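Subject: Structure handover

Hello,

Please find the structure below, together with its sequence. My notes on it follow.

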Amino acid sequence: MQQRSETMDKLKQALLQFERKTIEYDELINFALKKETYEQFAPKIIALEKEHILQMIKSRGRNNRKPSLAFRYRINKHRLNEAYYEELRQYRMKLHNSISLDFYFKSSRKEWEADLPYIKQINDYIEKFGFPTKYVPAPERSYELVKDEKWIEKSGENILHRLKLWDKLKIMPVSDPLMFAINPKKIGKTHHIHLIVENKTTYQALLPIITKSPFTSLIYGSGSKMEKSIENFHTQIPLEGIHVIYYFGDIDREGINIWYRLNEKTSILPATPFYKACLEKESAKGKTTQQKNKEALESFLRYFPENNAKTIKHLLEKDMYYPQEVLKTEELQQILLTSEWEGYERK
């Protein structure tokens with residue numbers, strides 16, 4: 001009986017993960033277990049029909065075998081998720097009210113089941129000790145929470161962000177420190193602007209004039225490494241006041257994806273004056289294997305006038321790109337010193 005329940009759960013999970021809303025008979029049969037006969041598999045489909053999870057498309061008819069299955073079904077994914085949603089609601093009542101389960105209502109049961117053992121341990125910690133008042137390094141907090149000092153580094157950080165607990169647990173990320181230059185003339189100000197540049201060449205070009213600029217700091221992003229290093233921003237630059245951070249990277253899919261992932265962690269604006277200057281140059285061919293992220297691109301393009309946005313989109317569609325190095329040192333410096341940075345309004 002238990003084995004039948006497990007196989008039904010696997011079948012339901014397979015239907016949940018199926019991309020289309022309808023499924024053909026031949027596709028459905030592929031979900032059968034190894035060595036499982038039609039006579040063993042078909043009753044499960046009939047059971048799903050009775051639960052209104054699979055709904056026969058009448059125009060396609062049924063086969064002549066016993067039991068008879070339809071040639072095409074519509075998958076009722078909401079019905080499939082009902083038991084899962086109810087389980088989440090039950091846990092929402094059991095767990096500490098600071099633990100958010102909103103993420104899991106939008107994700108798969110598989111992801112929930114993988115995270116649940118850790119969620120229970122985190123809940124036990126909060127119920128017993130409450131929330132910490134002091135920051136400690138990630139391995140120390142990781143061991144306190146789940147008795148594994150490497151858990152936060154491996155997968156725990158993502159889980160804690162899903163539960164909306166990361167900030168409340170006062171964790172000091174163990175990551176590469178920020179590499180930056182400070183402008184001593186701006187330290188006492190109440191409004192600070194900062195510029196992250198993706199490549200070392202651009203950083204070296206702008207470094208000599210940082211003290212002449214309106215920027216409090218110039219930060220070397222070192223490509224995707226910045227995605228972890230940004231977590232150290234407020235501890236390494238502990239200045240009071242308002243902070244606005246700008247980012248300038250290559251105009252290619254990876255450069256835009258890096259900005260997007262950084263912006264998910266803390267508000268970061270594209271340094272549009274630099275990007276617009278790049279668009280006046282001749283683009284280069286290449287970058288054909290980079291990962292496409294439609295949401296990242298759309299978010300990035302919102303900061304540009306329509307004509308610039310169209311140019312960037314068309315450029316990427318043709319597998320063209322602009323490296324930061326397309327701007328010479330003198331151009332970079334002039335843009336840094338003459339652009340109206342503090343007047344930039346986020347759309």
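I begin with Trp259, which sits in helix α12. Please keep in mind throughout that this is a predicted model.

**Trp259 and its surroundings**

Trp259 has a relative accessible area of 0%. The cut-off for buried is under 20%, so Trp259 counts as buried. What does Trp259 touch, leaving aside its neighbours within four places in sequence? The contacts are Tyr247, Ile268, Leu269, Pro270, Ala296, Ser299, Phe300 and Tyr303. Phe300 lies 41 residues from Trp259 along the chain. Their C-alpha atoms are 8.1 Å apart.

**Helix α14**

Ala296, Ser299 and Phe300 turn up again here, as buried residues of helix α14. That helix covers residues 294–301. Leu297 and Leu301 are the other buried residues of α14. What covers them? The cover includes α12 (253–265), β10, α13 (272–279) and α15 (306–317). There is also a contact at the start of α14. A side-chain oxygen of Asn293 comes to within 3.2 Å of the backbone nitrogen of Glu295.

**The five-stranded sheet**

β10 also belongs to an open sheet of five strands. The order is β6-β8-β7-β9-β10, and the pairing is mixed. β6 (179–182) and β10 (268–270) are the edge strands, each pairing on one side only. Neighbouring strands are turned by 25° against each other on average, direction ignored.

Inside this sheet, look at β7 and β8. β7 spans residues 191–197, and β8 spans residues 217–220. The two run parallel and are joined by four bridges. Val197 stands opposite Tyr220 in β8.

Ser217 is in β8 as well. Is Ser217 buried or exposed? Its relative accessibility is 0%, so Ser217 counts as buried. Its side chain makes a polar contact of 2.7 Å with the side chain of His194. Beyond its neighbours within four places in sequence, Ser217 is in contact with eight residues that can be listed in full: Phe180, Ala181, Ile182, Ile193, His194, Leu195, Ile210 and Ile237.

**The three-stranded sheet**

There is also an open sheet of three strands. Its order is β1-β3-β2, and the pairing is antiparallel. The edges are β1 (22–24) and β2 (54–56), each pairing on one side only. The twist averages 35° from one strand to the next.

Three bridges join β2 to β3 (residues 72–75), and these strands run antiparallel. Met56 stands opposite Tyr73 in β3. The loop between β2 and β3 holds Pro67. The peptide bond that joins Lys66 and Pro67 is cis, with omega about -10°.

**The largest pocket**

How large is the volume of the largest pocket? The value is about 530 Å³. The lining comprises 19 residues. Closest to the centre are Trp166, Asp167, Ile230, Glu231 and His234. Four elements each supply at least two residues of the lining: α8 (151–162), β5 (171–172), α11 (233–236) and α12. The largest share, three residues, comes from α11. α12 is also the helix that holds Trp259.

**Backbone points to check by eye**

Most residues other than glycine have a negative phi, and most peptide bonds are trans. The cis bond between Lys66 and Pro67 has been covered above. Two lysines have a positive phi.

- Lys147: phi is about 60°, although this residue is not a glycine. Lys147 is in the loop between α7 (138–146) and α8. With a relative accessible area of 56%, Lys147 is exposed.
- Lys170: phi is near 50°, again positive in a residue other than glycine. Lys170 is in the loop between α8 and β5. Its relative accessible area is 22%, so Lys170 is partly exposed.

Both elements that flank the Lys170 loop, α8 and β5, also contribute to the lining of the largest pocket.

Best wishes

Notes: Residues numbered from 1 in each chain as written. Predicted model: local features only at pLDDT ≥ 70, side-chain atom pairs only at ≥ 80, totals over all residues. Heavy atoms only, no water. Pairing = 2+ DSSP bridges. Axes fitted to C-alpha atoms, helices over the stretch in contact; angles between N-to-C directions. Buried < 20%, exposed > 50% of the residue type's maximum accessible area, 1.4 Å probe, protein only. Contact = heavy atoms within 4.5 Å. Polar contact = N/O pair within 3.5 Å; in protein donor to acceptor, adjacent residues only side chain to side chain. 1 Å grid on protein atoms, 1.4 Å probe; cavity = no way out; pocket = protein on both sides within 12 Å on 5 of 7 lines; lining within 4 Å. Points joined across faces, edges and corners; volume = space filled by probe spheres on them.
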